[in-house]
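Visitor: Please choose a single part of this protein and take me through it closely, explaining each term as it comes up.

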Amino acid sequence: MPLFNQFSCLSKVPVTVEAPLFRRPTNIITYTMAAPAVATYPPLEERPLKDTICLFDVDGTLTPARLGASPEILAILRALRQKCAIGFVGGSDLVKQEEQLGGPAGAPVTTLFDFCFSENGLTAFKLGQALPSNSFIQWIGEAQYQQLANFVLHYIADLDIPVKRGTFIEFRNGMINISPVGRNASNKERNEFEAYDKGAKVREKFVEVLKEKFGHLGLTFSIGGQISFDVFPTGWDKTYCLKHLETEAKKPNGITYKNIHFFGDKTAKGGNDYEIYEDPRTIGHSVKGPEDTMTILKEVFGL
């Protein structure tokens, strides 16, 4: 059979095939192979559970802390998205969520979820389109922010802890993130600090001092992840993302989500999942890691 007939059913991706060595090297034939299909989903209003949405924390819920999502969790999210709307709500900025979710999936994170709520929803997307955002610095003002930042840096300078690295304050659109050990710590150093902090309660004591010093500013201090805590205006916790859902419901053909499932690991008081987990508008699921999240999804949604 001629060589081209053996490959005539293939298309899309170029593949170069050389003829046997005893022939002239000019006999080079180019073929294409079918590219993998892109997942498609029903419109939100046509999902079988159209009045249901599942919202997920990222670190410790969809991924191990600061690491990438597994193929298994990405697969179950794709299956869930066929049934209902899905979204993530994380304290970190969109860049980090791209690394943890978009990177392993090989696609922009805004294409993997119907709703993307970075920085608790201060930066938000619906079906890849940006929603209105808000700014921490506009709210607090430069003068008061500098007072807070200066105090934080002096406090960290005086801390006696096993390791200090860099980036002790990370400025984000809707909040600041404070890390006594520094966000430049390696994964090994993060794990070691987390274990140390359970006994020494470095972050817990730090938060109490800040509440006493800056409580008049109307700020919330929320411990999350392994090495840091967030600082944001009261009411700008993860429940902030629910405002977007309520606003979208009022638009033409908008959907009112009667069942809002939230999955998170830091659901105890003081954790950054606590407020949305306890909110009467949500159905809270406290998890211990991505495997626990998958188990609950299979049980609740029959995946």
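Guide: Let us begin with Asp57, which is buried in this predicted model, with a relative accessible area of 5%; buried means under 20% of that area, exposed means over 50%, and partly exposed lies in between, for a 1.4 Å probe and protein chains only. Residues are numbered from 1 along each chain as its sequence is written, and side-chain values use heavy atoms, with hydrogens and water left out. As the model is a prediction, local features need pLDDT of at least 70 and side-chain atom pairs count only at pLDDT 80 or more, while totals for chains, interfaces and linings use all residues.

UniProt, in an unreviewed entry, places the feature "active site" at Asp57 and Asp59; its positions follow the numbering used here, feature names are shortened, and annotations may be inferred rather than shown by experiment. Asp57 lies in the loop between β3 and α2 (71-81), where helices (H or I, at least four residues) and strands (E, at least two) are DSSP runs, numbered from the N terminus. Leaving out residues up to four places away in sequence, Asp57 touches Leu62, Val89, Lys238, Phe262, Phe263, Gly264, Asp265 and Asp273, a contact being heavy atoms within 4.5 Å. With one of these, Lys238, the side chain of Asp57 shares a polar contact of 2.8 Å; such a contact is a pair of N or O atoms within 3.5 Å, and within protein one must be able to donate a hydrogen and the other to accept it, with residues adjacent in sequence counting only if both atoms are side-chain atoms.

Asp59 sits in the loop between β3 and α2 as well and is buried, with a relative accessible area of 18%. Beyond four places in sequence, Asp59 touches Pro64, Ala65, Arg66, Gln100 and Asp265; Asp265 is also among the contacts of Asp57.

The strand named at one end of this loop, β3, leads us to the sheet. There, 7 strands form an open sheet in the order β7-β6-β5-β4-β3-β12-β13, with mixed pairing; two strands pair if DSSP finds at least two bridges between them. At the edges stand β7 (129-131) and β13 (282-286), each with a single partner strand, so one side of each has no neighbour in the sheet. From one strand to the next the twist averages 20°. Within the sheet, strand β3 (residues 52-56) and strand β4 (residues 85-89) pair in the parallel sense over 4 bridges, and Ile53 stands opposite Ala85 in β4. Helix α8 (residues 240-249) packs on this sheet, touching β3, β4, β5 (115-118), β6 (123-126), β7, β12 (259-264) and β13, and its direction makes about 145° with that of β5; axes are lines fitted to C-alpha atoms, for helices over the stretch in contact, and angles run from 0 to 180 degrees between N-to-C directions. Helix α10 (residues 290-301) lies across β3, β12 and β13, at about 155° to β12.

From the active-site feature we can pass to another annotation. Under "binding site", the unreviewed UniProt entry lists Arg66, Arg172, Arg183, Arg190, Ser228 and Asp230, and one of these, Arg66, is among the contacts of Asp59. Arg172, in the loop between β8 (169-171) and β9 (176-178), is buried at 4% relative accessible area, and its side chain makes a polar contact of 2.8 Å with that of Glu170. Contacts of Arg172 beyond four places in sequence include Arg183 and Asp230.

Asp230 belongs to strand β11 (residues 228-233) and is buried at 6%, with a polar contact of 2.8 Å between its side chain and that of Asn177. The strand as a whole is largely enclosed by the rest of the structure, because 6 of the 6 residues of β11 are buried. β11 pairs in the antiparallel sense with β9 over 3 bridges, where Ile176 has Val231 as its bridge partner. β11 also runs antiparallel to strand β10 (residues 219-224), joined by 6 bridges, among them that of Gly224 with Ser228.

A word on confidence remains. The protein chain averages a pLDDT of 87, with 87% of the residues scoring at least 70; pLDDT is the predictor's confidence in each residue, from 0 to 100. Over residues 1-37, however, pLDDT stays under 50.
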